[in-house]
Amino acid sequence: MAEPCPDVLAPVPLGGPLLPAVAVVVPTFNEAPNVAALVTRLEQVLVDRPWEVVFVDDDSPDGTAAVVQALAREKPHVRCLLRLGRRGLSRAVIEGILSTSAPVVAVMDADLQHDESALPRMLALLEAGDADVAVGSRYVAGGGVGEGFDAGREAMSRAATWLAGAVLRVRLADPMSGFFALRRDVFDAAVRRLSGEGYKILLDLLASSPRPPRVAEVPYQFRPRVAGVSKLDSAVAWEFALLLIDKRIGRWVPARFVMYALVGASGVLVHMAVLWLLYRGIRLGFDTAQTAATVTAMTTNYALNNVFTYRDRRHSGLGWLRGLLSFYAVCGLGVVANVGVASAIFDRSQGAWLLAAVAGVFVGTVWNYVASRAVTWRRG
Ligand code: GDD
Ligand code: MN
């Protein structure tokens with residue numbers, strides 16, 4: 001990984017089409033007013049090498065893709081990758097990088113918050129072989145967030161930085177940066193292990209690399225957004241948690257299954273509380289109390305999974321009710337699987353009831369997880 005990048009330094013063949021030495025990948029969602037300005041700025045800083053910019057748009061309702069395509073008809077170094085029916089910053093970036101064969105790739109936001117004048121320094125570090133990944137950093141000397149962040153957002157960013165260091169051992173002043181450049185082989189080595197969840201593509205890349213890449217940070221000032229709004233909302237903290245779980249134990253158990261199982265454990269508590277209230281408290285018959293407890297626990301499990309486990313696909317409005325009904329159906333079959341497995345083991349083991357019960361619960365839970373993911377929260 002240490003040798004400089006020969007493809008970048010090689011002379012460009014004269015006469016033929018210019019192969020881009022650098023691709024800038026820009027994820028967009030509702031950035032129509034910003035793309036032309038960004039292209040102009042890139043043209044000013046990337047003068048001395050062939051390059052291209054790939055906008056990866058998730059079918060923005062404001063028509064960003066049409067604006068990019070109009071630009072691309074005039075400028076061969078502008079490309080548009082349109083993704084239909086999908087959302088997600090990390091995966092957009094991953095697909096943008098996969099769409100180019102440039103030996104060096106940079107990633108930056110479309111909203112002009114990232115200072116493009118830091119790009120040449122970042123690329124120079126890679127081209128000289130001084131780093132495998134160059135990160136535009138707000139938190140090293142010379143960098144900053146200026147007016148770009150409010151106090152709450154800055155505190156969150158710092159807490160996340162600390163957690164990234166503690167949990168993933170990624171030592172970097174600004175691991176949350178969405179502004180970075182890397183050699184393609186570094187990306188290729190990590191791409192199949194990427195979690196792809198959420199916003200933290202750089203962190204994901206660093207935590208997924210088989211060998212820790214050499215990282216250098218280049219300071220820049222995070223600018224305030226001029227047009228449009230930030231798409232980062234409360235889901236970001238959740239996505240970050242999912243990424244941390246995934247990178248630490250995702251090799252053995254999927255992060256979502258961990259969340260699902262935690263929610264399931266809370267359902268057991270809900271079940272017992274309701275059962276106790278109805279059976280011991282107001283003295284309903286056991287069957288009635290047990291049925292009511294089961295339905296209540298299924299409902300709270302559904303609501304919690306909808307908020308936590310499948311936050312990125314959550315149902316609302318009428319869809320919430322439809323989802324609930326399908327969740328009941330999935331769990332109903334889960335009970336059949338649970339009891340089927342448990343009684344089969346019970347019969348064949350001369351009454352090892354504890355083993356039979358645990359096996360039944362395990363099979364039922366795995367069934368519920370797999371089936372509800374495929375049915376209740378299937379990808380749109
Ligand atoms: N294709 C696609 N799909 N692009 C998206 C999506 C999506 O679902 N969501 C956001 N984007 C694009 C935006 O259009 C923008 O170009 C870029 O991704 C960053 O989104 P912003 O909404 O502007 O994020 P931010 O400014 O709040 O956050 C920035 O700073 C964070 C550090 O705190 C980003 O650079 C983050 O990546 C970074 O972690
Ligand atoms: Mn932004």
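# A tour of the chain and its ligand

Of the 380 residues in this chain, 45% count as buried. Keep in mind that you're looking at a predicted model. Start with the whole chain in cartoon view: you should find 13 helices and seven strands. Turn it around, and the C-alpha trace spans about 85 × 40 × 40 Å along its principal axes.

**Stop 1: ligand 1**

Select ligand 1 and show what is around it. How many residues surround ligand 1? There are 27, and the closest are Glu 31, Asp 109, Met 176, Ser 230 and Lys 231. Try colouring this shell by residue type: you'll get 11 nonpolar, six polar and 10 charged residues.

Now zoom in on some individual contacts. Pick Phe 29 and display its backbone: an N or O atom there lies 2.9 Å from an oxygen atom of ligand 1. Move on to Val 56, where a polar backbone atom is 3.0 Å from a nitrogen atom of the ligand. For a side-chain example, click on Gln 113, which has a polar side-chain atom 2.8 Å from an oxygen atom of ligand 1.

Switch on a surface for the protein and look at the ligand again. On its own, ligand 1 has 740 Å² of accessible area, and the protein covers 98% of that. Which elements give two or more residues to the shell? They are strand S1, residues 22-28, and helix H4, residues 89-98, so select both and show them beside the ligand.

**Stop 2: helix H5**

Next, select residues 119-127, which make up helix H5. Show side chains for Leu 119, Met 122, Leu 123, Leu 126 and Glu 127, which are buried. Now look straight down the helix axis: these buried residues fall within an arc of 135°, so they line one face of H5.

Stay with Glu 127, which sits in helix H5. Is Glu 127 buried or exposed? It counts as buried because its relative accessibility is 12%, and the cut-off for buried is under 20%. Add Arg 49 to your selection, and you'll see a polar contact of 3.0 Å between its side chain and that of Glu 127.

Before leaving, step along the chain to Gly 129, just after H5, which takes a positive phi of about 80°.

**Stop 3: two loop residues**

Jump to Arg 87, in the loop between strand S3 (78-82) and H4. With a relative accessible area of 53%, Arg 87 is exposed. Then draw a distance from its C-alpha to that of Leu 244: they are 21 Å apart in space and 157 residues apart in sequence.

Now pick Pro 254, in the loop between helix H9 (235-249) and helix H10 (255-281). Pro 254 is partly exposed, with a relative accessible area of 40%. Try the C-alpha distance again, this time to Phe 362: you'll get 15 Å, for two residues that are 108 apart in sequence.

**Last stop: cysteines**

Finish by selecting Cys 80 and Cys 331. Cys 80 is partly exposed, at 23% relative accessible area, while Cys 331 counts as buried at 8%. How many disulfides does the model have? The count comes to zero, taking a disulfide to be a pair of cysteine sulfur atoms within 2.5 Å.

Methods. Residues numbered from 1 in each chain as written. Chains lettered and ligands numbered in written order. Predicted model: local features only at pLDDT ≥ 70, side-chain atom pairs only at ≥ 80, totals over all residues. Heavy atoms only, no water. Buried < 20%, exposed > 50% of the residue type's maximum accessible area, 1.4 Å probe, protein only. Helix = DSSP H or I, 4+ residues; strand = E, 2+ residues; numbered from the N terminus. Arc of directions from axis to C-beta. Near = heavy atom within 4 Å. Polar contact = N/O pair within 3.5 Å; in protein donor to acceptor, adjacent residues only side chain to side chain. Areas by Shrake-Rupley, 256 points an atom, 1.4 Å probe, with all protein chains shown as cover. Nonpolar A, V, L, I, M, F, W, Y, C, P; charged D, E, K, R; others polar.
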